[in-house]
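Visitor: Before I trust any label in a description of a model, I would like to see the value behind it set against its definition. Could you guide me in that way?

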Amino acid sequence: MAISPLVLLDVDGVLNPSRRSSPRFRRHTCVLDGRTHPLLLDPSHGRALLTLARDTGAELAWATTWSEDANREIGPRIGLPRLPVVPLDANTPVPAKVHPKTVHVAEYVRGRPFVWFDDDHGEADREYLRAHADVGDFLLVDVDFRHGLGPAHLDTARDWLTARASTGG
């Protein structure tokens, strides 16, 4: 029985771009830990991500510093159900040039194939993931933080996930 792949989601820069790149994005505000956070969210992202997961047999999960707040503040605004969250620990040692989330993603995936939408991947992250014993096949989809997640990113993920499934990978 094949292990279902993961689709990991970042918030800032991916679902919440730095500027309104389309009229579909709606402005929201939330307060976390006494601080106000402006949000630009496209309500169609939820449906698109759920369709991607359904069509490819993947499981969606948050990989964001928003942690559980993503389930309270982001998911409901774009139509996503409560999702698993990659646990992040600020005290975990991180190699130079590797994004702190990468270390936690490597531990979380436990050999499952995954696609990761993020705006802050670098070559050091790719190298770390390739060298990590518990990481199998993966695709890092780089999202421009100014524009956020778009159809081309979703198509790239769908193509990769579909190709893996068709080869039995």
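Guide: Helices (H or I, at least four residues) and strands (E, at least two) are DSSP runs, numbered from the N terminus. Asp-159, for instance, lies in helix H5. This is a predicted model, in which local features need pLDDT of at least 70 and side-chain atom pairs count only at pLDDT 80 or more, while totals for chains, interfaces and linings use all residues. Residues are numbered from 1 along each chain as its sequence is written, and side-chain values use heavy atoms, with hydrogens and water left out.

Visitor: Why is Asp-159 called exposed?

Guide: Buried means under 20% relative accessible area, exposed over 50%, and partly exposed in between (1.4 Å probe, protein chains only). Asp-159 has a relative accessible area of 52%, and therefore counts as exposed. Its C-alpha atom is separated by 9.3 Å from that of Thr-56, although the two residues are 103 apart along the chain.

Visitor: What makes H1 and H5 parallel, oblique or perpendicular to each other?

Guide: The axes of H1 (residues 44-56) and H5 (residues 151-166) come within 10 Å and cross at roughly 10°. Axes here are lines fitted to C-alpha atoms, for helices over the stretch in contact, with angles running from 0 to 180 degrees between N-to-C directions. Angles under 35 degrees count as roughly parallel, over 145 as roughly antiparallel, 65 to 115 as roughly perpendicular and the rest as oblique; H1 and H5 are therefore roughly parallel to each other.

Visitor: Which residues of H1 and H5 meet?

Guide: From H1 come Ala-48, Leu-49, Thr-51, Leu-52, Asp-55 and Thr-56, and from H5 come Leu-154, Ala-157, Arg-158, Leu-161 and Thr-162, where contact means heavy atoms within 4.5 Å.

Visitor: Which residues have the most contacts inside the largest nonpolar core?

Guide: They are Leu-15, Leu-49, Trp-62, Ile-74 and Phe-117, in a core that has 32 residues. H5 gives the most to this core, with four residues. A nonpolar core is a set of buried Ala, Val, Leu, Ile, Met, Phe, Trp, Tyr and Cys residues joined through side-chain atoms within 4.5 Å. A second, separate core has 14 residues, including Val-105, Leu-129, Phe-138 and Leu-140.

Visitor: Why is H3 described as largely enclosed by the rest of the structure?

Guide: Helix H3 (residues 100-109) has 10 residues, and seven of them are buried, so the helix is largely enclosed by the rest of the structure. Those buried residues are Lys-101, Thr-102, Val-103, His-104, Val-105, Ala-106 and Val-109, and they pack against E1, strand E5 (114-118) and helix H4 (123-131). Just after H3, Arg-110 takes a positive phi of about 45°.

Visitor: Why does Ala-63 count as buried?

Guide: With a relative accessible area of 1%, Ala-63 falls in the buried class. Ala-63 is found in the loop between E4 and H2, and, residues up to four places away in sequence not being counted, Ala-63 touches Leu-8, Leu-9, Asp-10, Val-86, Lys-101, Val-105, Trp-116 and Asp-118. The C-alpha atoms of Ala-63 and Leu-8 are separated by 5.6 Å, with their positions 55 residues apart along the chain.

Visitor: Why are Ser-67 and Asp-33 given the exposure classes they have?

Guide: Ser-67, at 23% relative accessibility, counts as partly exposed, whereas Asp-33, at 78%, counts as exposed. Asp-33 is found in the loop between E2 and strand E3 (35-41), and has a positive phi of about 50° although it is not a glycine. Ser-67 is found in the loop between strand E4 (59-62) and helix H2 (69-78), with a phi near 45°, which is also a positive value in a residue other than glycine.

Visitor: Why is Arg-126, which carries a charged side chain, called buried?

Guide: The class rests on the accessible area, and Arg-126 is buried with a relative accessible area of 17%. Arg-126 has its place in helix H4, where a polar contact of 2.7 Å joins its side chain to that of Asp-142. A polar contact is a pair of N or O atoms within 3.5 Å; within protein, one must be able to donate a hydrogen and the other to accept it, and residues adjacent in sequence count only if both atoms are side-chain atoms.

Visitor: Why is Glu-73 placed in the class it has?

Guide: Glu-73 is buried, with a relative accessible area of 17%, and its place is in helix H2. Leaving aside neighbours within four places in sequence, Glu-73 is in contact with Cys-30, Leu-32, Leu-39, Leu-41 and Trp-66.
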